[in-house]
Amino acid sequence: MAAGPRPGEFWRGGAQARPIGWAAVDAKDLRDLVRFDEDGPRHEELFESEHLWSEIVCLERNQALGTIEDRDSDALVLVVTGRVIVQVNRSRKRLGQWETTLVPAGSELTVTNATGDPAVVLLVAAPPPPKRAVSE
């Protein structure tokens, strides 16, 4: 019988992976990051590490994020609340709360609030994109 993982280890695809460290859990409440700005989208960093980047974007009505692009990072867009129109390259889709889409590396992304109500979107990218000036 094959041995399973020992405490502090995990298995992926039948092969042993590196041990999991017991680092402190860095937890955040997304509600603490929800703030709106009538002058444009509000960006609040969620987490950033060597391997992953994430932020919350708060959109008032008639506000849009983008066009943004990163040739090296895949991204995920998750609608936390509200309804938005997500455009990836030339394809558009209306997304509501809890809906998500993948943005492949090298794609152009635009996110637009689709209603008169505020919208909150979670963006996650890996690997982290280079630092950029926000100019939406």
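Which residue in E11 does Val57 stand opposite? Val57 stands opposite Val121, and the views below take you around that spot and then on to other parts of the model. Keep in mind that this is a predicted model.

**View 1. The open sheet has five strands.** Follow the order E3-E4-E11-E6-E9 as you go across, with antiparallel pairing. Start from the edges: E3 (42–48) and E9 (100–103) stand there, and each has a single partner strand, so one side of each is left without a neighbour in the sheet. Going from one strand to the next, the twist averages 20°.

**View 2. E3 sits beside E4, and E4 beside E11.** E3 and E4 (residues 53–59) are antiparallel partners, held in register by six bridges. Look for His43, which stands opposite Val57 in E4. Now stay on Val57 and look towards E11, where Val121 stands opposite. So what joins E4 to E11? Seven bridges do, and these two strands run antiparallel.

**View 3. E11 pairs with E6 too.** E6 (residues 74–81) and E11 pair over seven bridges, again in the antiparallel sense. One pair to pick out is Thr81 and its bridge partner in E11, Val120. How many of the eight residues of E11 are buried? Seven are, so E11 is largely enclosed by the rest of the structure.

**View 4. Here is the largest pocket.** About 270 Å³ of space lies inside this pocket. It is lined by 17 residues, and the closest to its centre are Ile68, Glu69, Asp70, Ala75 and Pro129. Which strand gives the most to the lining? That would be E11, with three residues. Strand E5 (64–69) is also worth finding, since E5 and E11 (119–126) each supply at least two residues of the lining. As for the kinds of residue, the lining divides into 12 nonpolar, two polar and three charged.

**View 5. Three residues share a network of salt bridges.** Side chains of opposite charge can pair when their charged atoms come close. Glu44 and Arg35 form a salt bridge, with their closest N and O atoms 3.6 Å apart. Glu44 also has a salt bridge with Arg42, and there the closest N and O atoms are 2.7 Å apart. Because they share partners, these salt bridges join Arg35, Arg42 and Glu44 into one network. Is Glu44 buried or exposed? Glu44 has a relative accessible area of 14%, so it counts as buried. Arg35 is partly exposed at 38%, and Arg42 is partly exposed at 28%.

**View 6. Arg31 and Asp29 make another salt bridge.** The closest N and O atoms of this pair are 2.6 Å apart. Check how much of each residue is open to the outside: Arg31 has 66% relative accessibility, so it counts as exposed, while Asp29 is partly exposed, with a relative accessible area of 31%. A search of the whole structure finds four salt bridges, and this view shows one of them.

**View 7. Two peptide bonds are cis.** One runs from Gly66 to Thr67, with omega near 20°. To find that spot, look in strand E5, which holds Thr67. The other runs from Ala126 to Pro127, with omega near -10°. For this second bond, head to the segment after E11, where Pro127 is found.

**View 8. Asn62 and Asn89 have positive phi values.** Neither is a glycine, yet phi is about 65° for Asn62 and about 55° for Asn89. Where is Asn62 found? Look in the loop between E4 and E5. Asn62 has a relative accessible area of 74%, so it is exposed. Asn89 belongs to the loop between strand E7 (84–88) and strand E8 (91–95). At 37% relative accessibility, Asn89 counts as partly exposed.

Notes: Residues are numbered from 1 along each chain as its sequence is written. This is a predicted model: local features need pLDDT of at least 70, side-chain atom pairs count only at pLDDT 80 or more; totals for chains, interfaces and linings use all residues. Side-chain values use heavy atoms; hydrogens and water are left out. On a 1 Å grid over the protein atoms alone, a cavity is a set of points where a 1.4 Å probe fits but cannot get out, and a pocket is an open set with protein on both sides within 12 Å along at least five of seven lines; lining residues have an atom within 4 Å of a point. Grid points are joined across faces, edges and corners, and a volume is the space filled by probe spheres set on the points. Helices (H or I, at least four residues) and strands (E, at least two) are DSSP runs, numbered from the N terminus. Ala, Val, Leu, Ile, Met, Phe, Trp, Tyr, Cys and Pro count as nonpolar, Asp, Glu, Lys and Arg as charged, and the others, Gly among them, as polar. A salt bridge is a side-chain nitrogen of Lys or Arg within 4 Å of a carboxyl oxygen of Asp or Glu. Buried means under 20% relative accessible area, exposed over 50%, partly exposed in between (1.4 Å probe, protein chains only). Two strands pair if DSSP finds at least two bridges between them. Axes are lines fitted to C-alpha atoms, for helices over the stretch in contact, and angles run from 0 to 180 degrees between N-to-C directions.
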